[in-house]
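Biologist: I'd like to learn how to read a model like this, starting with side chains and then moving on to empty space. Can you walk me through it?

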Amino acid sequence: MDLNTIAGIRGAHRREPWRPGDAWLGGGTYLFSEPQPHLRRLVDLSRMGWEPLTHRADGSLEIAATCTIAQLSRFGRRSPAAAAPLFEQCCRAFLASFKIWNMATVGGNLCNALPAGPMISLTAALDGSCLLLAQDGATREVKAADFVRGEGVKDLAEGELLRSVTLPARALGCRTAFRQVSLYGLGRSAALVIGTLDPVDGSLAVTVTAATTRPFRLWFPLPPTAAHLRAAVDSAVSAAEWFDDIHGLPEWRRHMGLRLAEEVRRELTGTGPLEGAR
């Protein structure tokens, strides 16, 4: 896509006032996928030199916003963490060409705030915290599950930047279960549900995404019964928050969200497969 309204591009390391028509440029896979007539200048993050993935002393993992899907996938395949398989599962939830796989970024997927964004699913399920950087240098943190507020809506002020997402060590040590469904064999995720079981205290978290306009992470101090889980999902997600587009009707997405939630509950609690489940 030729962005013919762009009059300039600058590196993000050069501190210049933010102005109307500016946009952050990470991998560019969304920016260059369709016309952006409202943009006048791109602020390039690619030369900031941020380490893609950093282990902290407390055992947590910091993922730079500029970390690509390919880099995250390679990390997940090498990591000894109990939750490591989830990294590859979410990376593979992309319907990505070779170019997108190697250029698309974790931060870009979060900031697009699309219901089917698998990096939203990953970071919300593992209780991630987003580090946001304002133009004046001020920082704030917001939970990944709260960063996306709705379809295409995120918790970012004008000129504010998503710097990184940090996953706590406790979450990385969890057992995980992953379920994804689409209307088509290679279609966009219509429902994606992740369960995490904490081996320390036995708590269970179930995160519903893709089927909903924003992520919903439900935490239970002890694994719930099937009826309790179903009631919790229905209480948390209003009728208007089940997503509606060509990839699935809200009623079907709710049905699949509830079914997949029960499947991950059964997998993590060892109560056997759901009848009729594949």
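Modeller: Sure. Keep in mind that this is a predicted model. Let's start with a side-chain pair: a polar contact of 2.7 Å joins the side chains of T209 and S121.

Biologist: Where does T209 lie?

Modeller: T209 is part of strand β13, which covers residues 204-209.

Biologist: Is T209 buried or exposed?

Modeller: The idea is to look at relative accessible area, where buried means under 20%. T209 has 2%, so T209 is buried.

Biologist: And what does T209 touch?

Modeller: Leaving out residues up to four places away in sequence, T209 touches P115, S121, A191, L192 and P215.

Biologist: Okay, now the empty space. How many cavities of 30 Å³ or more does a search of the whole structure find?

Modeller: A cavity is space where a probe fits but cannot get out. Here the search finds one of 30 Å³ or more. The largest cavity holds about 40 Å³ of space. T209 shows up again in its lining, together with A113, L114, P115, I120, V148, A210, T212, T213, R214 and P215.

Biologist: What is the lining of that largest cavity like by class?

Modeller: Seven nonpolar residues, three polar and one charged.

Biologist: What about the largest pocket: how much space lies there?

Modeller: A pocket, unlike a cavity, is an open set of points. In this model the largest pocket has about 1200 Å³ of space. Its lining takes in 44 residues, and those nearest the centre are Y30, G108, N109, C111 and N112. The elements giving two or more residues to that lining are β2 (22-25), α4 (106-112) and β10 (161-167).

Biologist: Which element gives the largest share of the pocket lining?

Modeller: That's α4, with five residues. By class, the pocket lining comes to 23 nonpolar, 16 polar and five charged residues.

Biologist: Let me try the same reading on S73. Where is S73 placed?

Modeller: In helix α1, residues 69-78. S73 has 0% relative accessibility, so S73 counts as buried. The S73 side chain makes a polar contact with the side chain of R77, at 2.5 Å.

Biologist: Which residues does S73 touch, not counting those up to four places away in sequence?

Modeller: E88, C91 and W101. For a distance across the model, take S73 and L133: they are 60 residues apart along the chain, and their C-alpha atoms are separated by 26 Å.

Key:
Residues are numbered from 1 along each chain as its sequence is written. This is a predicted model: local features need pLDDT of at least 70, side-chain atom pairs count only at pLDDT 80 or more; totals for chains, interfaces and linings use all residues. Side-chain values use heavy atoms; hydrogens and water are left out. On a 1 Å grid over the protein atoms alone, a cavity is a set of points where a 1.4 Å probe fits but cannot get out, and a pocket is an open set with protein on both sides within 12 Å along at least five of seven lines; lining residues have an atom within 4 Å of a point. Grid points are joined across faces, edges and corners, and a volume is the space filled by probe spheres set on the points. Ala, Val, Leu, Ile, Met, Phe, Trp, Tyr, Cys and Pro count as nonpolar, Asp, Glu, Lys and Arg as charged, and the others, Gly among them, as polar. Helices (H or I, at least four residues) and strands (E, at least two) are DSSP runs, numbered from the N terminus. Buried means under 20% relative accessible area, exposed over 50%, partly exposed in between (1.4 Å probe, protein chains only). A polar contact is a pair of N or O atoms within 3.5 Å; within protein, one must be able to donate a hydrogen and the other to accept it, and residues adjacent in sequence count only if both atoms are side-chain atoms. Contact means heavy atoms within 4.5 Å.
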